[in-house]
Amino acid sequence: MEDTELPILIYTTFARLDDAKTVGGALVDTHLAACVNVFPGMVSIYQWEGVRETADEVTMIIKTRAGLKDEVMAEVKRLHPYDVPALLVLTTQWGSADYCSWIVEETLGATQRGRA
């Protein structure tokens, strides 16, 4: 498997479930992601502009491949309601060959439209 085909996970958060579903749906529809997992019910505690905040959030994990990392992150930023969305790329080391191949196959549609 080439480096650009290696599965990666991109972690992000949203304030609202509907926003996460909209962004996740757009990523899957355009084949930038093979799948997204949305987890409602997370509580975040963080500092923002010098003030401690606590917020209910929704976590999203985007399953894609390394060759689409930059485009996926740009699309999430474009669609995301936050000024500074959390975007963390998690590389994978091992995975089921069948599942990893499925991720590549599902995201090939992005390549065929002139993407990575």
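Which residues touch the most other members of the largest nonpolar core? They are Leu27, Ile62, Val72 and Val76, in a core of 17 residues. The model is predicted.

## The core

Four elements each give two or more residues to this core: strand S1 (7-14), helix H1 (17-29), strand S3 (51-65) and helix H2 (69-79). In soluble globular proteins, nonpolar side chains tend to be buried together.

Ile62 shows how these parts meet. Leaving aside residues up to four places away in sequence, Ile62 touches Ile8, Leu9, Ile10, Thr12, Leu27, Ala33, Cys35, Val36, Val72 and Val76. Leu27, Val72 and Val76 appear among those contacts, and these three are also among the residues that touch the most other core members.

Met73 sits in helix H2. Beyond its neighbours up to four places away in sequence, Met73 touches Ile10, Leu87 and Val89. Ile10 is also on the contact list of Ile62. Gly50 is 23 residues from Met73 in sequence, and their C-alpha atoms are 26 Å apart.

## A buried threonine

Is Thr59 buried or exposed? Thr59 counts as buried because its relative accessibility is 9%, below the 20% cut-off. Thr59 belongs to strand S3. With residues up to four places away in sequence set aside, Thr59 touches Tyr11, Thr12, Thr13, Asn37, Val38, Phe39 and Met42. Thr12 is touched by Ile62 as well.

## Cysteines

How many disulfides does the structure hold? The count is 0. Cys35 is in no disulfide, and the nearest cysteine sulfur, that of Cys100, is 13 Å away. Cys100 is likewise in no disulfide; its nearest cysteine sulfur is that of Cys35, at 13 Å. A disulfide needs the two sulfur atoms within 2.5 Å, so a pair 13 Å apart does not qualify. Cys100 is buried, with 13% relative accessibility. Cys35 is one of the residues that Ile62 touches.

## Salt bridges

The model has 3 salt bridges. Side chains of opposite charge can pair when their charged atoms come close. The table gives each pair, its N to O distance and the relative accessibility of both partners.

| Pair | N to O distance | Acidic partner | Basic partner |
|---|---|---|---|
| Asp19 and Arg16 | 3.4 Å | Asp19, 21%, partly exposed | Arg16, 45%, partly exposed |
| Asp70 and Lys69 | 2.7 Å | Asp70, 52%, exposed | Lys69, 28%, partly exposed |
| Glu75 and Arg78 | 2.8 Å | Glu75, 19%, buried | Arg78, 59%, exposed |

Where do Arg78 and Glu75 lie? Both are in helix H2, 3 residues apart, which is about one turn of the helix. Their exposure classes deserve a look. Arg78 is exposed because its relative accessibility is 59%, over the 50% cut-off. Glu75 counts as buried because its value is 19%, and buried means under 20%.

Asp70 is exposed at 52%, whereas its partner Lys69 is partly exposed at 28%. In the remaining pair, Asp19 has a relative accessible area of 21% and is partly exposed. Arg16 is partly exposed too, at 45%.

## A nonpolar surface patch

Which residues make the nonpolar surface patch of about 300 Å²? Tyr46, Trp48 and Val84 make the patch. Trp48 lies in strand S2 (residues 35-48). Trp48 is partly exposed, with a relative accessible area of 41%. That value passes the patch rule, because patch residues need over 30%.

## Positive phi

Most residues other than glycine have a negative phi, and most peptide bonds are trans. His31 and Glu49 depart from the phi part of this pattern. His31 has a positive phi of about 65 degrees, although His31 is not a glycine. His31 is in the loop between H1 and S2. Its relative accessibility is 27%, so His31 counts as partly exposed.

Glu49 has a positive phi near 55 degrees and is also a residue other than glycine. Glu49 lies in the loop between S2 and S3. With a relative accessible area of 70%, Glu49 is exposed.

Key:
Residues are numbered from 1 along each chain as its sequence is written. This is a predicted model: local features need pLDDT of at least 70, side-chain atom pairs count only at pLDDT 80 or more; totals for chains, interfaces and linings use all residues. Side-chain values use heavy atoms; hydrogens and water are left out. A nonpolar core is a set of buried Ala, Val, Leu, Ile, Met, Phe, Trp, Tyr and Cys residues joined through side-chain atoms within 4.5 Å. Buried means under 20% relative accessible area, exposed over 50%, partly exposed in between (1.4 Å probe, protein chains only). Contact means heavy atoms within 4.5 Å. Patches are made of residues with over 30% relative accessible area and no salt bridge: like charges are joined within 9 Å, nonpolar side chains (Val, Leu, Ile, Met, Phe, Trp, Tyr) within 5 Å. Accessible areas come from the Shrake-Rupley method with a 1.4 Å probe; for residues, only the protein chains shown count as cover. A salt bridge is a side-chain nitrogen of Lys or Arg within 4 Å of a carboxyl oxygen of Asp or Glu.
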